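Welcome, and thanks for taking a look at this one. Please have the viewer open as you read, since the notes below move from one part of the fold to another.

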Amino acid sequence: MAIAARDYGGLPALFAHHGWDPGEKSLSQIVSTLVVSSYGSVKAFQRAHPVELPGPLDIIRAEQPDAWLTSFYGFAPRNWGFLGFTEERMRDSFIRRSKPGALVVIYAASGGQPNERGKILGVQQVSHRIGDAQEFMTPHAWQEKQANFERRGKWNYAVQAVRAWRVTPETRPTVAKFAPITFTPGRGQVIGAQGMRLDRTEAMRLLDLDFEEVEVFGGGTIHHAAAGPAADVLKPSQPGPVSSTPHMVREAEGPKHLYVLRLDGNVHHAMGRDVEDRAIVKVGLSRSPSTRCEDHNRTLPQCAFRWSVERSTFLEGREPFPSSVPALAGEQVMKDWLERYGESLGGEFFLADQDQVERAWRRGVEAAEKKSK
């Protein structure tokens, strides 16, 4: 059946999900009988398995959200496009307890990066298509996994992910704060191994976070996705033809941080001349300076140049400015200062030494604070 292949990964998984026993008959011989027995009719079975997966916001706001919690060492759906289990029975249990389109909230396990451990990193939406992990990974990621003795035999029973959203670093809560009912230190191993369903109040906390949609291995290309509130970002993907012309998606109005980015690399080569101790910097405002930095890095070819966050109000522990109005005032002061005392490279880009950047930064923050009062 087409639905079995699309939503479950084949007839065996369809039978496992429903706990059906074929007896001595083949799966294909008995499947229609069992479908009618369980659903009342084939049409009812089809209505229960729509072509489109439910929207993330509908899942979150449901009386019993199909939202789950688990842990990864990191969050890289572009390379790892699946939810993995070390034992097949654990995957079968998840398939039985969830529905196609379930949301899986990921937090960083103790083996993750030090600055990410114990924090909510992102969300996957999974189908019920199952397979081996290698089917849903880049060849390089698979080779790295196989080369690691501790990880080689883990997470090989896979459930395909179809969409994914990264939580901006500025809004990542700890898992203990995000899911105080589901998560306790003693449950960490079980949650990481097979996942646990979130309480409704915990699932609703997703709406308090900022997200950015990211690419999933095997899925479509996302040319640019602005970070923003969950209610704006966790929307159903829009059908229709892919545009052949580039476009820029601007951030929605709301709280903003000021930032200064620095281009790391041989600036003398980039400028084609000796620039002494000056650096190329960019000033701006964003809900998530770190996400904006990554956006700029994605536009660069694989080379020796990378943008990094030199300064931001978030890194200084400040609350974001309430709207773009005070942040724009601060940005303009920084631009005016760097244009006067540094060297303008066009738009928001400048060549400046460390002292000039620091002076521009202090004046920009002061101007934004004054405007927000």
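## Helix 14 against helix 15

Let's begin with a pair of helices in this predicted model. Helix 14, residues 324-341, packs on helix 15, residues 354-372, at an angle of about 150°, and their axes are 7 Å apart. The cut-off for roughly antiparallel is over 145 degrees, so helix 14 and helix 15 are roughly antiparallel to each other. Their crossing is right-handed.

If you would like to select the contact, the helix 14 side consists of Val 325, Pro 326, Ala 327, Ala 329, Gly 330, Val 333, Met 334, Trp 337, Leu 338 and Tyr 341. Facing them in helix 15 are Gln 356, Val 357, Arg 359, Ala 360, Trp 361, Arg 363, Gly 364, Ala 367, Ala 368, Lys 371 and Ser 372. By residue type, this contact of helix 14 with helix 15 has 14 nonpolar, four polar and three charged members.

## Helix 14 on its own

Does the length of helix 14 fit or miss what its residue count leads us to expect? With 18 residues at 1.5 Å a residue, helix 14 should span 26 Å, and its end C-alpha atoms are 25 Å apart, so the two values agree.

The buried residues of helix 14 are Ser 324, Pro 326, Ala 327, Gly 330, Glu 331, Met 334, Lys 335, Trp 337 and Leu 338. Charged residues are among them, including Glu 331 and Lys 335. What do the buried residues of helix 14 pack against? Their partners are helix 15 together with four strands: strand 9 (257-264), strand 10 (279-286), strand 12 (343-344) and strand 13 (349-352).

## Helix 2 and helix 3

Now turn to a helix pair earlier in the chain. Helix 2 (residues 11-18) and helix 3 (residues 27-39) pack at an angle of about 35°, with 11 Å between their axes. Here the crossing is left-handed. From helix 2, the contact draws on Leu 11, Pro 12, Leu 14, Phe 15 and His 18, while helix 3 supplies Leu 27, Ser 28, Ile 30, Val 31, Leu 34 and Tyr 39. Nine of these residues are nonpolar and two are polar, with no charged residue in the contact of helix 2 with helix 3.

Within helix 2, Leu 11, Ala 13, Leu 14, Phe 15 and His 17 are buried. The elements covering them include helix 1 (2-8), helix 3, helix 4 (42-47), helix 6 (88-97) and strand 4 (120-132). Just after helix 2 comes Gly 19, which has a positive phi near 70°.

## Two residues with an unusual phi

Most residues other than glycine have a negative phi. Trp 155 is not a glycine, yet its phi is positive, at about 60°. Trp 155 sits in the loop that joins helix 7 (139-147) to strand 5 (157-167). With a relative accessible area of 19%, Trp 155 counts as buried, because the cut-off is under 20%.

Glu 276 also has a positive phi of about 60° without being a glycine. Its place is the loop between helix 12 (267-271) and strand 10. Is Glu 276 buried or exposed? Its relative accessible area is 61%, so Glu 276 is exposed.

## His 296 and Gly 195

His 296 belongs to helix 13 (residues 289-298). This histidine is buried, with a relative accessible area of 19%. Leaving out residues up to four places away in sequence, His 296 touches Leu 261, Lys 282 and Trp 307.

Gly 195 lies in the loop between helix 9 (188-194) and strand 6 (196-197). Gly 195 is buried too, at a relative accessible area of 6%. Which residues does Gly 195 contact, once neighbours within four places in sequence are set aside? They are Trp 68, Leu 69, Thr 70, Arg 97 and Val 190. The C-alpha atoms of Gly 195 and Phe 85 are separated by 9.4 Å, although their positions lie 110 residues apart along the chain.

## The chain as a whole

Stepping back, the chain holds 15 helices and 13 strands. Its C-alpha trace spans about 85 × 50 × 45 Å along the principal axes. Of the 373 residues, 45% are buried. Among contacts with a separation of 6 or more, 73% link residues 24 or more positions apart.

Methods:
Residues are numbered from 1 along each chain as its sequence is written. This is a predicted model: local features need pLDDT of at least 70, side-chain atom pairs count only at pLDDT 80 or more; totals for chains, interfaces and linings use all residues. Side-chain values use heavy atoms; hydrogens and water are left out. Axes are lines fitted to C-alpha atoms, for helices over the stretch in contact, and angles run from 0 to 180 degrees between N-to-C directions. Helices (H or I, at least four residues) and strands (E, at least two) are DSSP runs, numbered from the N terminus. Angles under 35 degrees count as roughly parallel, over 145 as roughly antiparallel, 65 to 115 as roughly perpendicular and the rest as oblique. A crossing is left-handed if the near helix is turned anticlockwise from the far one by less than a right angle, and right-handed if clockwise. Contact means heavy atoms within 4.5 Å. The expected span of a helix is 1.5 Å times one less than its number of residues. Buried means under 20% relative accessible area, exposed over 50%, partly exposed in between (1.4 Å probe, protein chains only).
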